[in-house]
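User: I've got this one up on my screen and would like a close look at a single loop. After that, please walk me through the rest of the chain in one go.

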Amino acid sequence: MLTLRMMKTFRLVAQTGSFAAAAERAALTQAAVSLQMRGLEDAVGQRLFDRRGRQITLTRQGRELFPRIEQILALTADLTASPLDAMQGPVTIGAVVSVIGALSLVVAELKTAHPGLDVRLTSARSDELTDLVEQGEVDIAAVVARADDARPDGLVWTPLYTEPMVMVVNREVWDATPDANPQSVLDEHAFLRFDRRVRTGLVVEQALRAAKLTVTEYLELNSIETIVALVRKNVGVSVLPLLHRGDWQADPLLRIVPIAEPPLLRTVGMIHREHDSRTRDITAAIVGMLHDV
């Protein structure tokens, strides 16, 4: 007989590619996982796994069954969850590094309002976080939107805020440049570029092209705050998103300069799995708190 427990274990095996890893995550013995999976194969009348040593892969029938089981489990979760359940128990929330500061303040407020939530915050790149949400390793993530707005099927996107792309320059540099404008500063000073391999780096490149700015490359880094620290030290200038809840404009060592009107924007939003009502409710609470502040 097909059971929910079998389906949950099947999902873990499919995600981890290993009976041993699935057993560890489900707090079962490996023998119990093997027994459940044999029972599942008997119940559906199909071979679901290719077993090659310790590595487990899904057969064609297993791959076809996986999304149907995901849907059944999601619907079951919807039926059994109450409104209070969403704000209790463990939840893993991810964010890109440049967003986690603002997000952590809201999550702390959420935790105060709902002490039954056991929140774990983690950071990674947007593409990595998207994969982790798809795989069920992370429940909700704050990520930078792709330039083409594409998202994997099965994920829900909720916009959080936008940030204008601006030039960040040492204030003394700007004040000492006659008839200062973005291109004249870039002509005389080294450019500190954000990592082109990630989404924010692609937005930086789009902003430079849209503003028709040319740069003299000096360093490429994957930390916005490190770049800003170097600008303070007059190592170079940069084009970056003006971080939400950032304090750059009040910094006496920095000058924040628009590079286009209207500005090109970096968009930040939350993603969660489509049929997960619990993460939908937590996402709605985070968005509401962020906009109320």
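Analyst: **One loop, then the rest**

Pro262 sits in the loop that runs between strand 10 (254-258) and strand 11 (265-273). Strands here are DSSP runs of E with at least two residues, helices are runs of H or I with at least four, and both are numbered from the N terminus. The peptide bond between Glu261 and Pro262 is cis, with omega at about 0 degrees.

Before going further, some ground rules: this is a predicted model, where local features need pLDDT of at least 70 and side-chain atom pairs count only at pLDDT 80 or more, while totals for chains, interfaces and linings use all residues. Residues are numbered from 1 along each chain as its sequence is written, and side-chain values use heavy atoms, with hydrogens and water left out.

Another loop to click on joins helix 9 (199-210) to strand 8 (217-221), and Lys212 is found there. Lys212 isn't a glycine, yet its phi is positive, about 55 degrees.

Zooming out, the chain has 11 helices and 11 strands. Its C-alpha trace spans about 80 × 45 × 30 Å along the principal axes. The radius of gyration is 24 Å, whereas a compact globule of 293 residues would come out near 19 Å (taken over C-alpha atoms; the globule rule is 2.2 Å times the number of residues to the power 0.38).

The domain assignment splits the chain into domain 1 (4-81), domain 2 (89-160 + 267-292) and domain 3 (162-266); such bounds come from an automatic or database assignment. Domain 1 and domain 2 have their C-alpha centres 26 Å apart. Their contact (heavy atoms within 4.5 Å) involves 5 residues from domain 1 and 5 residues from domain 2.

About 470 Å² is buried between domain 1 and domain 2, with carbon and sulfur atoms giving 36% of that; buried area is the accessible area (1.4 Å probe) lost when two parts are put together, summed over both. On the domain 1 side facing domain 2 there are 2 nonpolar, 1 polar and 2 charged residues (Asp, Glu, Lys and Arg are the charged class; Ala, Val, Leu, Ile, Met, Phe, Trp, Tyr, Cys and Pro are nonpolar; the others, Gly among them, are polar). Between domain 1 and domain 2 you'll find 0 salt bridges (a Lys or Arg side-chain nitrogen within 4 Å of an Asp or Glu carboxyl oxygen).

The structure as a whole does hold 18 salt bridges. In one of them, the side chains of Arg11 and Glu70 meet at 3.2 Å, N to O. Arg11 lies in helix 1 (residues 4-16) and Glu70 in helix 4 (residues 60-80), so this pair ties together parts that are 59 residues apart in sequence.
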